[in-house]
Amino acid sequence: VASLQGGAVASLPIRADGSLGEAVSVEHFEGPKAGGISHAHACVLDRTGKWLLVPTQARGSGYDRLWVLALDEATGKLTRTSYAEARKYDEPRHLVFSRDNHHVYLVNEKASTLRVFDFDAKEGKLTAKQVVPTLQDTYVGPNMASAIVLSQDGKQVYVSNRIKEGIPPEGEGYAGTFRGQETVVSYSIDPATGLLKEPHWISCEGYTPRFMTLTPEGQLLVANMDSDTLQFFDIKTGKARYTGKTVETESPCSVVFR
């Protein structure tokens with residue numbers, strides 16, 4: 001479990017009845033000065049289950065980094081082993097592993113970039129290989145990159161772009177309007193190198209696409225927090241295409257299927 005404002009990540013045991021026990025391991029991420037913390041925005045296990053990756057944001061008091069922690073599966077103990085330094089003000093947010101576990105794709109929220117790493121699962125080492133923008137080079141307005149999703153076949157990565165949370169600009173009707181931000185961008189993954197290419201942007205059909213996930217049928221679901229809607233996109237060709245399906249809800253932040 002990652003604690004954003006607490007600047008920590010914790011390991012909790014699952015009891016036989018499904019309930020949670022007290023944390024058996026807590027790792028606090030310090031800042032460069034006394035009292036500072038690095039804000040842990042997420043925690044993601046690699047596909048071996050041996051390494052936990054934690055992106056932290058500085059937010060004026062900590063470090064913009066991607067930390068690697070070793071997980072002792074028998075005890076649940078977490079141990080910091082290494083980290084990859086981000087550019088100042090990048091503010092790393094979310095990440096996904098490639099299907100073969102050889103690459104990591106990290107979204108930098110404030111920089112509006114996507115960083116690609118090679119990942120050594122034997123040593124738990126990250127090697128930065130590429131940085132690509134999540135915005136078109138003709139868009140010069142505000143933006144914060146948000147969610148990231150890997151396609152089921154592992155051939156595409158999808159990232160959402162959002163303006164800062166709040167009321168959308170007055171006087172601008174949204175439906176069908178391409179705004180530059182408030183988009184989903186797709187990238188093809190080079191099967192030989194893991195690097196990203198061929199970006200393609202599409203309107204997210206709402207405001208503030210804070211979260212995305214895949215549906216059981218393989219569609220891309222985008223949760224547009226400030227338009228109070230869920231939008232569904234077909235991704236069979238790799239590029240996202242709006243299906244026309246919208247579900248109205250209240251300020252959606254996360255979605256799971258059962």
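**Close-up 1. Salt bridges between strands β7 and β8 and around the loops that flank β9.** In this predicted model, the count of salt bridges comes to seven. One of them joins the side chains of E85 and R65, with 3.1 Å from N to O. This pair links distant parts of the chain, since E85 belongs to strand β8 and R65 to strand β7, 20 residues apart. The two partners differ in exposure class: E85 is partly exposed at a relative accessible area of 41%, whereas R65 is buried at 8%. A further salt bridge brings together the side chains of E91 and K110 at 3.4 Å, N to O, and it connects the loop between β8 and β9, where E91 lies, with the loop between β10 (103-108) and β11, where K110 lies, 19 residues apart. Here E91 is buried, with a relative accessible area of 9%, while K110 counts as partly exposed at 41%.

**Close-up 2. The R93–E109 salt bridge and a network of shared partners.** The side chains of R93 and E109 meet in a salt bridge of 3.3 Å, N to O, in which R93 comes from strand β9 and E109 from the loop between β10 and β11, 16 residues apart. Both ends of this bridge count as buried, R93 at 3% relative accessibility and E109 at 4%. Elsewhere, E27, E30 and R80 are joined into one network by salt bridges that share partners.

**Close-up 3. Aromatic pairs and the cluster around W67.** The structure holds four aromatic pairs. One of these is formed by W67 and Y83 and is tilted, with 5.0 Å from centre to centre and 50° between the planes. Because W67 lies in strand β7 (residues 65-71) and Y83 in strand β8 (residues 78-85), the pair ties together parts of the chain that are 16 residues apart in sequence. W67 is buried, its relative accessible area being 3%, whereas Y83 is partly exposed at 41%. Another pair, F97 with F119, is edge-to-face, with 5.4 Å between centres and 70° between planes; it links F97 in strand β9 (residues 92-97) to F119 in strand β11 (residues 113-120), 22 residues apart. F97 is buried with a relative accessible area of 4%, and F119 likewise counts as buried at 5%. Ring pairs also link F29, W67 and Y83 into a cluster.

**Close-up 4. Charged side chains over aromatic rings.** R80, one of the residues in the salt-bridge network with E27 and E30, lies over the face of W67 at 4.7 Å from the ring centre. At another site, the charged end of K245 sits over the ring of F232, 4.5 Å from its centre.

**Close-up 5. Cysteines without disulfides.** The structure holds zero disulfides. C43 is in no disulfide, and the nearest cysteine sulfur, that of C253, is 15 Å away; C43 counts as partly exposed at 26% relative accessibility. C204 is likewise in no disulfide, its nearest cysteine sulfur being that of C253 at 15 Å, but C204 is buried, with a relative accessible area of 0%.

**Close-up 6. A nonpolar patch on the surface.** V1, L12, I14 and L20 make a nonpolar surface patch of about 410 Å². Among these residues, L20 is placed in the loop between β2 (8-11) and β3 (25-28), and L20 is exposed, with a relative accessible area of 53%.

Conventions. Residues are numbered from 1 along each chain as its sequence is written. This is a predicted model: local features need pLDDT of at least 70, side-chain atom pairs count only at pLDDT 80 or more; totals for chains, interfaces and linings use all residues. Side-chain values use heavy atoms; hydrogens and water are left out. Patches are made of residues with over 30% relative accessible area and no salt bridge: like charges are joined within 9 Å, nonpolar side chains (Val, Leu, Ile, Met, Phe, Trp, Tyr) within 5 Å. Accessible areas come from the Shrake-Rupley method with a 1.4 Å probe; for residues, only the protein chains shown count as cover. A salt bridge is a side-chain nitrogen of Lys or Arg within 4 Å of a carboxyl oxygen of Asp or Glu. Helices (H or I, at least four residues) and strands (E, at least two) are DSSP runs, numbered from the N terminus. Buried means under 20% relative accessible area, exposed over 50%, partly exposed in between (1.4 Å probe, protein chains only). Rings of Phe, Tyr and Trp (its six-membered ring) pair if their centres lie within 6.5 Å; planes under 30 degrees apart count as stacked, over 60 as edge-to-face and the rest as tilted. A charge sits over a ring if NZ of Lys or CZ of Arg is within 6 Å of the ring centre and within 35 degrees of the ring normal. A disulfide is a pair of cysteine sulfur atoms within 2.5 Å.
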